[in-house]
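Reader: Pick one part of this model and take me through it closely. Which pieces meet there, and how are they arranged?

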Amino acid sequence: MATFILQDATGIGSDDLDPARGFIDMAIIANDTGLGMADPTAGKQRLVYARTGNGPPRLRLDAMINTAFSPNYGSGANNVDTIVVAGLKSLVLDDGTPMADNGTALPPKSSGLPGASLNPTEQCLVIYDTQLAICVARDGSGGVLDLPVSPPVALYHEFSHAFRIVNNTLLALTVACDPSSPEERAAIIDENDLRTDLASRAGTSPTLRDPGIHCGRLASDGEECCCIIATLVSRSPRSQQVQKLRCARDHFVRGTEVGHAFFDHFFRDYYAFSPQACTLMAGDQSLRHQLLEGFVEPLLDFWNMMVERGRCVMGSTQLGAAFIALHADRGHAEQRRAALQRTSAYWESGAGQSAEAPAQLMALLRERAWPSPYMQWALVAPVRLMHALLTRYLAGADAPAIGRAFTEALDAWAPEVPISTLWAGLPAAQVRRELGFCERALLQTTKSKTRFRQRLGERFPDITAVAGVLGRLQTIHKGDTW
Ligand SMILES: [Zn+2]
């Protein structure tokens, strides 16, 4: 006994199964005529496999289908089968858990392993949505969530967890998705075996998932999980800058609840328009070039400078010198300013002004991107700021003058970072810690810190923990460092 496809979900969840799709997904994984199904018995159908091919996915299926597993979770060895629950999007488990766009491998009820309490049976359940459409982090992209997960890939990923469940070799699991837990890392590495196998069948080179990141997001209708920034940059020599941006994210987020909340919100708003924007840009070479030069490159430069500044506190003149170093090539600097000028014409004037900005793209940005304070703060304001500084620099300003203008602009911009409601739920000690982090990483100057503390106080006047921390700080020393 070993692996089955469930035909009847009674006792597990709603009657929203598609066992035929489950077998098709399994057949895609195997790509081997040796895979078949026995007649259904007791609401499930057993898989049979006489392997004719090699490679990791086939060897794994062979092991799962043709081994009688008897793990001992502490109360004696017991036979454990793996039951594939191939759901439709509407599948809901009996405890109310929806399975739409999800997959999970549940250890037997009495195994005591993580997730066991959700399993009403003594078998290992592999549950997945046969219609799922999610996007995950592409390896080498610096955490860009633009790699699609197809249902067979999702099934194979869950099979990897199941393999360690029935062998009683499950690794550590954590809730956080970045970095991924040892168990998720192992499943992603296995998942990449299938991606490699699928690509080699198609005669292409594989695009792999980043084993270090388990985060994912929903793909919208018909979307190919696309990030405009990564797409524009991926074929340019600056693709390593996206990698650096990943470091920027790590720097600003590391160990903080508020940082995580910020990026959750940011990505939700970003991916509300990025995929469609990619579609609109596809094939329009001049628009792609314009957006790369007049938006993405200045944006990456800005954020890389912010990371540097967060690492080692940079004085105003140093900041000016860093800006000038980025624009040392005058011809290129002039070109960039012209591109920034065109970009700013796009968003100042809406569609009018330029035939280079397609009306549909402008409508998309107006509707979905600009109304988001996260997009305004993280994507729009920095590019405007870079534009203004570049104009000054090209008019002859030196490093100290650029540095002063830069510092002043940062003092106006940084403390306006969108404030998450998460602050309201933090105990005082954590408010203090999170605030300390924001001030070191982002705010830095007394002016910035004071303004941010003021906004925080105004936003949560009735939250004792926030008010208490801010009050205490005020009595110590206004704008004090930590
Ligand atoms: Zn997983």
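Author: Start with one pair: Phe4 stands opposite Arg46 in E3. The model is predicted, so to speak of local features here takes pLDDT of at least 70, side-chain atom pairs count only at pLDDT 80 or more, and totals for chains, interfaces and linings use all residues. Residue numbers start from 1 along each chain as its sequence is written.

Strand E1 covers residues 3–6 and strand E3 covers residues 44–49. Three bridges join them, and they run antiparallel. Strands here are DSSP runs of E with at least two residues, helices are runs of H or I with at least four, and numbering goes from the N terminus. Two strands pair if DSSP finds at least two bridges between them.

Now widen the view. E1 and E3 belong to an open sheet of six strands. The order is E2-E3-E1-E4-E6-E5, with mixed pairing. At the edges sit strand E2 (35–41) and strand E5 (103–106). Each of these two pairs on one side only. From one strand to the next, the twist averages 25 degrees.

Two helices lie across strands of this sheet. Helix H2, residues 56–66, lies across E1, E3 and strand E4 (82–87). H2 runs at about 130 degrees to E3. Angles go from 0 to 180 degrees between N-to-C directions, and axes are lines fitted to C-alpha atoms, for helices over the stretch in contact. Helix H3, residues 151–166, lies across E4, E5 and strand E6 (124–129). H3 runs at about 165 degrees to E6. E4 therefore has both H2 and H3 lying across it.

How do H2 and H3 pack against each other? Their angle is about 50 degrees, and their axes are 11 Å apart. That makes H2 and H3 oblique to each other (under 35 degrees is roughly parallel, over 145 roughly antiparallel, 65 to 115 roughly perpendicular, and the rest oblique). H2 passes H3 in a left-handed crossing (the near helix is turned anticlockwise from the far one by less than a right angle; clockwise is right-handed).

Which residues make the H2 and H3 contact? From H2 come Pro57, Arg60 and Met64. They meet Tyr156, Phe159 and Phe163 in H3. By class, this contact has five nonpolar, no polar and one charged residues. Contact means C-beta atoms, placed from the backbone, within 7 Å. Nonpolar covers Ala, Val, Leu, Ile, Met, Phe, Trp, Tyr, Cys and Pro; charged covers Asp, Glu, Lys and Arg; the others, Gly among them, are polar.
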